[in-house]
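User: Please take a close look at one helix of this model and the parts around it. I would like a connected account, residue by residue where that helps.

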Amino acid sequence: MNILVIDAQGGGLGKQLVGAIKNSFPEQIITAVGTNTVATSAMLKAGADFAATGENAVLVNTRSADLIIGPIGIIIADSLLGEVTPAMALAVSQSQAQKILIPFNNCSSIIVGVGDLSMGKLVEQAVIEVNNIISKTK
């Protein structure tokens, strides 16, 4: 399975996601794409197999991903302090990959019905969903 983790700003969420997924599923290949070099570097240090930075990297890697994971802002144009371009949001949204979107209310949008969970709890829930998806493909 081709897992794509996308993150922005400091890459803290992406770093935790990559680390948790690699810990639970070491055989899975993870490609990390950051909207900036800081985010990319954080995910690479966490164990991503491949890494790239910027808009074109998002556009290219969403085409071949089976699973895309990141903050909900990756599908909202101009979110994450403007780091997600309209082209990036469109590429993620239109990708045929399954998506696990982490709900944060700091993407210039408020997501109602979502509890105020810590980043660690959200990462745990995301890993459970990764497991569900991987189990279905075997």
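Analyst: What follows starts with helix α2 and then moves outward to its surroundings.

The model is predicted, and every value below is computed from it. Helix α2 runs over residues 37-45, and its buried residues are Ala 39, Thr 40, Ala 42 and Met 43. These buried residues lie on the same side of α2, because the arc they cover around the axis is only 160°. The face of α2 turned away from that buried side carries Thr 37, Val 38 and Lys 45, which are exposed. Cover for the buried residues of α2 comes from elements that include β1 (2-7), α1 (12-24), β2 (29-34) and β3 (50-53).

Next, the two ends of the helix. At the start of α2, Asn 36 places a side-chain oxygen within 2.9 Å of the backbone nitrogen of Val 38. After α2 comes Gly 47, with a positive phi near 120°.

Two of the covering strands also frame the helix in the chain path. Together β2, α2 and β3 form a β-α-β unit, and the unit is right-handed. The strands β2 and β3 pair in the parallel sense, over four bridges. Val 33 has Ala 52 in β3 as its bridge partner.

The nonpolar cores come next. In soluble globular proteins, nonpolar side chains tend to be buried together. Here the largest nonpolar core has 23 residues, and Val 5, Ile 21, Ile 69 and Val 130 have the most contacts inside it. At least two residues of this core come from each of β1, α1, β2, β4 (67-71), β5 and α6. The most come from α6, which gives seven. Apart from this core lies another, of 15 residues, with Leu 4, Val 33, Ala 89 and Ala 97 among them. Val 33 is thus a member of that other core as well as the bridge partner of Ala 52.

Within the largest core, Val 130 can be followed further. Leaving aside its neighbours within four places in sequence, Val 130 is in contact with Ile 3, Ile 21, Phe 25, Leu 67, Ile 69 and Ile 100. Two of these partners, Ile 21 and Ile 69, are also listed with Val 130 for the most contacts inside the core.

Helix α6 (residues 119-137) also holds Ala 126. Ala 126 has a relative accessible area of 3%, so with the cut-off for burial set at under 20%, Ala 126 is buried. Its contacts, leaving aside neighbours within four places in sequence, are Leu 17, Ile 100 and Ile 102. Ala 126 and Ala 20 are 106 residues apart in sequence, yet their C-alpha atoms are 9.3 Å apart in space.

A polar case is found at Ser 95, in the loop between α5 (86-94) and β5 (98-102). Ser 95 counts as buried, at 9% relative accessibility. The side chain of Ser 95 reaches the backbone oxygen of Thr 62 at 2.9 Å. Beyond its neighbours within four places in sequence, Ser 95 is in contact with Thr 62 and Ile 68.

Last, the backbone of helix α4 deserves a check. Most residues other than glycine have a negative phi. Leu 80, in helix α4 (residues 79-82), has a positive phi near 50°. Leu 81, also in α4, has a positive phi of about 60°. Leu 80 counts as buried at 7% relative accessibility, whereas Leu 81 counts as exposed at 77%.

Definitions and conventions: Residues are numbered from 1 along each chain as its sequence is written. This is a predicted model: local features need pLDDT of at least 70, side-chain atom pairs count only at pLDDT 80 or more; totals for chains, interfaces and linings use all residues. Side-chain values use heavy atoms; hydrogens and water are left out. Buried means under 20% relative accessible area, exposed over 50%, partly exposed in between (1.4 Å probe, protein chains only). The arc is that of the directions from the helix axis to the C-beta atoms. Contact means heavy atoms within 4.5 Å. A polar contact is a pair of N or O atoms within 3.5 Å; within protein, one must be able to donate a hydrogen and the other to accept it, and residues adjacent in sequence count only if both atoms are side-chain atoms. Two strands pair if DSSP finds at least two bridges between them. A crossover is right-handed if, with the strands pointing away from the viewer, the path from the first strand over the helix to the second runs clockwise. A nonpolar core is a set of buried Ala, Val, Leu, Ile, Met, Phe, Trp, Tyr and Cys residues joined through side-chain atoms within 4.5 Å.
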